[in-house]
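Grab a pencil and let's work through a protein together. Each exercise gives you a task, and then we solve it step by step.

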Amino acid sequence: MAAALRLVTFLLFLLLPLRPAEPSAEPDPEVSAAGPAAPPETRAAARARSRSGPAPVTDVAKLCVCDLLVAQCDVNCCCDPDCSAADFSLFTTCSVPIVTGDNRLCSQKAAVYSLDVEANPPERIFKLIDQVNPSVFCIHATNYKQALSFSSPEMPTSENFDQLLKEFGSATFNAEPDTWNMNADAQNPPDANETYRYKYGVPVQTVDAFLRLPSPVVSSWCSDVNPAAFLVNQATKCTRSVSVEKCGSIQAVSMLFYINSSILAVPKSSQMVNITVQSVVVQSLNGMRTSLNGSDVLRLPMILDELCVNVVLGVSYHITYTDAGEIIEAAASFVLGAINKEALSIQQSFEISFTQVNTKPVPLSGNPGYVVGLPVRAGFRPQGSGIIQNTNKYGQLTILQSTSNQDCLAAQGARTPILFGYNMVSGCKLRITAAVKCQPLAQTLLDLLKGQSFPEYVASFGNSQAHDVLDWVPITHLHTSEQSSCQIPVSLEIAVKWTKYGSLVNPQARIVNVTATITSTTLKQLPSGRERTIPITSSVVFTDISSPAEPGYKAWPTINAKLPFDFFFPFV
């Protein structure tokens, strides 16, 4: 109760107006001699208040971005408070017809300005309306008032220069004040019994910081501050400045730079996972690559015959994790090369992939849409389960492979994968004698055309998951034949229809229909001793059925549902 009374008294003291001092020629001796001086705490608070900026203006009726002249009316600035009715009558238009606050808010006030030119004299019309943000991702309330204005930066002095240089001197620094982090920790104290684990998109932590995956940021030059995110497969390419004279001192071209820091098995833990070297490939100056047998050998950059050898050209990380979000293995594959004195820069490639323990990685043919030249993914669907695929992505959907002697019986078992976007034709010749039986020959030719295991479904996207059955397209089978007692299949025609899916800026290839047509012909009985040669053919045709964009057509905007973790900071 006493604390509440003291708080009320303090607030009343702040609200009471200060009485101005009476002007006098001489100072009051009692006040100057016996009057107590202001305590240091009061003087410090006064100085702090004088340095702090004004309160942020959040009322859109008082905001005016075109008010540039002080105490003067700006031409055609309908929100300028210095303009009078006589000034408004001379305006031709409103340079800023609508004034809003933060456009990320779900609902906010908007000040609308216009001119009534039919009035005599013309008048300015002001309306305050409620504006609703149609975006799916919007901010409901701005509950952190400190973020509505920028705090005054700390000026460097001889006392704090070293501290400011340490905090802001590097290429990147934390833009959040330390007081915010302390308040957050005070509101959300860590639980000693909390079990940490990696979640999707969280940076993979190491002993010193995080696992680096260099990438281009502003330009094509490599930036080493890009963290690798958990379960996010990435592939980047960037340019690194090098020279033969300094190749031994450039950390980013050494294998040790990418494996010397152990990965934390789970965030904020003491259990570490060392990065092992899985393979090392050496690339010569002419581009020829050779795989080394001893992958556990650490090869550091060194100068040899005016060349800098063992320079890292590519790194590929492979992370193995458990279903509990714990990293148990980490491996790195390297591509090493050499540079000469004329080289001023090199291009480095980096890649990272994640695989759950006790599972096999599923080969993809695009992400999400198909990539031209990669195999079409296909599989089977047993009753009541998902899609089952062949682990060899080049053996999922195939056609007959042509041979040099063109003999169909010798070509049994020779298959070639169907690559997306590639129209293909293959075939062979079958020699038939009078002793050949119809039914066994028909079954042999059908197995020759379709293979031993022709799939039932085709993935609509290059990254379709096996458990998502609706993301797979069933293969439609057609059979054309003649009316006769003996029919043998002579051709297989596979028609793949695909369309451009998504944004017009970056369309993705999506398969929408697959048809397999078997064409049969009549096998006539041959006289004894006579032979006949029949051509057997297979073909694949890809057809783009995308509708062309009409003039003036605007595609619906695509929404990426994955937001950065700090998208709404500091709001909720």
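The exercises below go from the whole chain to cores, strands, disulfides and backbone details.

This is a predicted model, in which local features need pLDDT of at least 70, side-chain atom pairs count only at pLDDT 80 or more, and totals for chains, interfaces and linings use all residues. Residues are numbered from 1 along each chain as its sequence is written, and side-chain values use heavy atoms, with hydrogens and water left out.

**Exercise 1. Get an overview of the protein.**

Find out how many helices and strands there are in the protein, and what share of the residues is buried.

Step 1: The protein has 8 helices and 23 strands. Helices (H or I, at least four residues) and strands (E, at least two) are DSSP runs, numbered from the N terminus.

Step 2: Of the 572 residues, 33% are buried. Buried means under 20% relative accessible area, exposed means over 50%, and partly exposed is in between (1.4 Å probe, protein chains only).

Step 3: Now the contacts, meaning heavy atoms within 4.5 Å. Take those between residues at least 6 apart in sequence: 64% of them join residues at least 24 apart.

**Exercise 2. Explore the nonpolar cores.**

Work out which residues have the most contacts inside the largest nonpolar core, and which elements supply at least two residues each.

Step 1: We need the term. A nonpolar core is a set of buried Ala, Val, Leu, Ile, Met, Phe, Trp, Tyr and Cys residues joined through side-chain atoms within 4.5 Å.

Step 2: The largest one has 44 residues, and Val376, Val458, Ile488, Ile494, Ile511 and Ile536 have the most contacts inside it.

Step 3: The elements that each give at least two residues to this core include helix 8 (438-450), strand 18 (424-433), strand 21 (487-501), strand 22 (508-522) and strand 23 (531-544).

Step 4: Zoom in on Ile494. Leaving aside neighbours within four places in sequence, Ile494 touches, among others, Ile399, Phe454, Val514 and Val541.

Step 5: There's also a second, separate core of 33 residues, with Cys222, Leu264, Ala330 and Phe334 among them.

**Exercise 3. Find the partners of strand 14.**

Decide in which sense, parallel or antiparallel, strand 14 pairs with strand 6 and with strand 12.

Step 1: Two strands pair if DSSP finds at least two bridges between them.

Step 2: Strand 6 (residues 234-241) and strand 14 run antiparallel, joined by 8 bridges. Here Cys238 sits opposite Gln348 of strand 14.

Step 3: Strand 12 pairs with strand 14 over 8 bridges too, in the parallel sense. Gly314 has Ser349 in strand 14 as its bridge partner.

**Exercise 4. Trace three disulfides.**

Say which parts of the chain are linked by Cys64 and Cys79, by Cys106 and Cys138, and by Cys247 and Cys308.

Step 1: A disulfide here is a pair of cysteine sulfur atoms within 2.5 Å, and the whole structure holds 9 of them.

Step 2: Cys64 and Cys79 are joined with S to S 2.2 Å. Both cysteines lie in the loop between helix 3 (40-51) and helix 4 (85-88), so the link ties together parts 15 residues apart in sequence. Cys64 is buried at 19% relative accessible area, and Cys79 is buried at 8%.

Step 3: The sulfur atoms of Cys106 and Cys138 are 2.0 Å apart. Cys106 is in the loop between strand 1 (98-100) and strand 2, and Cys138 in the loop between strand 3 and helix 5 (161-168), so this pair ties together parts 32 residues apart. Both are buried.

Step 4: For Cys247 and Cys308 the sulfur atoms are 2.3 Å apart. Cys247 is in the loop between strand 6 and helix 7 (256-259) and Cys308 in strand 12, 61 residues apart. The S-S torsion is about 105°, so the disulfide is right-handed.

**Exercise 5. Look for backbone details.**

Locate Pro121 and Pro368, then settle whether Lys268 is buried or exposed, and Asn310 likewise.

Step 1: Most residues other than glycine have a negative phi, and most peptide bonds are trans.

Step 2: Asn120 and Pro121 are joined by a cis peptide bond, omega about 0°. Pro121 is in the loop between strand 2 (107-116) and strand 3 (123-132).

Step 3: The bond from Asn367 to Pro368 is cis as well, with omega near -5°. Look for Pro368 in the loop between strand 14 (345-356) and strand 15 (378-379).

Step 4: Lys268 has a positive phi, near 60°, and is exposed at 62% relative accessible area. Asn310, in strand 12 (residues 307-321), has a positive phi near 65° and is buried at 12% relative accessibility.
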